[in-house]
Amino acid sequence: DPNALSLATSDSNGLPSVRIVLLKDFNENGFVFYTNLNSKKSSSIKENPRAEMCFYWKSLSRQVRINGTISQVSDKEADNYYLTRPYESKIGAWASNQSEVLESRSELINLIKEFKKKYNDEKKVPRPKNWSGWRLLPKEIEFWMHVENRIHERLKYSKNSRGDWNKFLLNP
């Protein structure tokens, strides 16, 4: 999955949490992923809007790390992306109380069935208000390339206070 990344956040107490999310968009405004706004990751982001993303592609011997601040995408942007999702994924966004305790798998399956009845027209499934996206605006981006004998190549870009990018070569 080339768009799979590890997302590291920490809550207001500094307790770290890392999980895999999927990158769904990127441009000059940042890197975007989508999730339930009531999830643990969203709660951490609301408490501490600084995070880091890490892409690792073992087959290419490459890694990219990006850190910066996170903000929620606009409703319009979330709506536009939500429309591109498969029907089952849209229903899943309604049925899942992400990060909450689930008494049994059948509880979730029953909720999915209920929402399929409620939203039986696959083209008319509205976006839940508690489902949206987050955008990480990068402050630093580091590129890492594996080299024999652990003499890896590392290149870091860091945004200064004027918004310009500075480039640094780092020791392995």
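**Aromatic rings and two unusual backbone angles**

Tyrosine 82 has a relative accessibility of 1%, so it counts as buried. That's a handy place to start in this predicted model, because tyrosine 82 and tryptophan 131 link parts of the chain that are 49 residues apart in sequence. From there we'll look at another ring pair, a lysine over a ring, and two loop residues with a positive phi.

**The Tyr82–Trp131 pair**

- How many aromatic pairs does the structure hold? There are 11 of them.
- One of these is made by tyrosine 82 and tryptophan 131, with 5.1 Å from centre to centre.
- Their planes sit at 65° to each other, and the pair is edge-to-face; the cut-off for that label is over 60 degrees.
- Where do the two partners lie? Tyrosine 82 is in helix α2 (residues 75-83), while tryptophan 131 belongs to strand β7 (residues 131-145), so a helix and a strand get tied together here.
- Tryptophan 131 is buried too, at 6% relative accessible area, and tyrosine 82 comes in at 1%.
- Both residues also belong to one aromatic cluster, made up of Tyr34, Tyr81, Tyr82 and Trp131.

**The Phe115–Tyr119 pair**

- Is this pair stacked or edge-to-face? The planes of phenylalanine 115 and tyrosine 119 are at 5°, so the pair is stacked.
- The centres of these two rings are 6.4 Å apart, and pairing calls for centres within 6.5 Å.
- Phenylalanine 115 has 16% relative accessibility and counts as buried, because the cut-off for buried is under 20%.
- Tyrosine 119 is buried as well, with a relative accessible area of 12%.

**A lysine over a ring**

- What lies over the face of tryptophan 94? That's lysine 118, at 5.9 Å from the ring centre.

**Positive phi in two loops**

- Serine 61 isn't a glycine, yet its phi is positive, near 55°.
- You'll find serine 61 in the loop between β5 (50-57) and β6 (62-72).
- With 25% relative accessibility, serine 61 is partly exposed.
- Asparagine 149 is also not a glycine, and its phi is positive at about 60°.
- The loop that holds asparagine 149 runs between β7 and β8 (153-159).
- Is asparagine 149 buried or exposed? Its relative accessibility is 68%, so asparagine 149 counts as exposed.

Technical notes: Residues are numbered from 1 along each chain as its sequence is written. This is a predicted model: local features need pLDDT of at least 70, side-chain atom pairs count only at pLDDT 80 or more; totals for chains, interfaces and linings use all residues. Side-chain values use heavy atoms; hydrogens and water are left out. Rings of Phe, Tyr and Trp (its six-membered ring) pair if their centres lie within 6.5 Å; planes under 30 degrees apart count as stacked, over 60 as edge-to-face and the rest as tilted. Helices (H or I, at least four residues) and strands (E, at least two) are DSSP runs, numbered from the N terminus. Buried means under 20% relative accessible area, exposed over 50%, partly exposed in between (1.4 Å probe, protein chains only). A charge sits over a ring if NZ of Lys or CZ of Arg is within 6 Å of the ring centre and within 35 degrees of the ring normal.
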